[in-house]
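Dear colleague,

I am passing on the structure we spoke about, which is a predicted model. Please look through it below; my notes on what was found follow.

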Amino acid sequence: MSYDVLVPVDGSDRGFAGLEYCLASFPDASPTALFVADPAHDHTATVGSSEPTAERAQERGEQVLERATDRA
């Protein structure tokens, strides 16, 4: 039986540990990494932020997802 597993990653060691756990525990699964921004801890992810700040948050998300792909 194949599984689809959603794995939230935020760039932290714990986020990547969750990805590694998913890959080890469900080797036949199709993992999907989802970048998660916490506005309480990430000043680039504030709601209603200016466009340059939103662009920085998007760039960070792309970098984190690229790292997740490399690790997978």
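The largest nonpolar core is made up of nine residues, namely Val 5, Val 7, Val 9, Phe 16, Leu 19, Cys 22, Ala 29, Val 64 and Ala 68. Strand E1 (4–9), H1 and helix H2 (51–71) each contribute at least two residues to this core. Such a grouping may look familiar to you, since nonpolar side chains tend to be buried together in soluble globular proteins.

Within that core, Val 7 may be worth selecting in your viewer, as Val 7 touches Gly 18, Leu 19, Cys 22, Thr 32, Ala 33 and Leu 34 when residues up to four places away in sequence are not counted.

As for the overall layout, the protein has two helices and two strands, and these elements follow the order β-α-β-α from the N terminus on. Of the contacts between residues at least 6 apart in sequence, 70% join residues at least 24 apart. Of its 72 residues, 24% count as buried, while the accessible surface comes to about 5,200 Å², with 51% of that area belonging to carbon and sulfur atoms.

On the surface, Tyr 3, Tyr 21 and Phe 26 form a nonpolar patch, which together has about 340 Å² of accessible area. Phe 26 lies in the loop between helix H1 (13–25) and strand E2 (30–35), and Phe 26 counts as partly exposed because its relative accessibility is 34%, which falls between the 20% limit for buried and the 50% limit for exposed residues.

With best wishes

Note on methods:
Residues are numbered from 1 along each chain as its sequence is written. This is a predicted model: local features need pLDDT of at least 70, side-chain atom pairs count only at pLDDT 80 or more; totals for chains, interfaces and linings use all residues. Side-chain values use heavy atoms; hydrogens and water are left out. Patches are made of residues with over 30% relative accessible area and no salt bridge: like charges are joined within 9 Å, nonpolar side chains (Val, Leu, Ile, Met, Phe, Trp, Tyr) within 5 Å. Accessible areas come from the Shrake-Rupley method with a 1.4 Å probe; for residues, only the protein chains shown count as cover. A salt bridge is a side-chain nitrogen of Lys or Arg within 4 Å of a carboxyl oxygen of Asp or Glu. Helices (H or I, at least four residues) and strands (E, at least two) are DSSP runs, numbered from the N terminus. Buried means under 20% relative accessible area, exposed over 50%, partly exposed in between (1.4 Å probe, protein chains only). Contact means heavy atoms within 4.5 Å. A nonpolar core is a set of buried Ala, Val, Leu, Ile, Met, Phe, Trp, Tyr and Cys residues joined through side-chain atoms within 4.5 Å.
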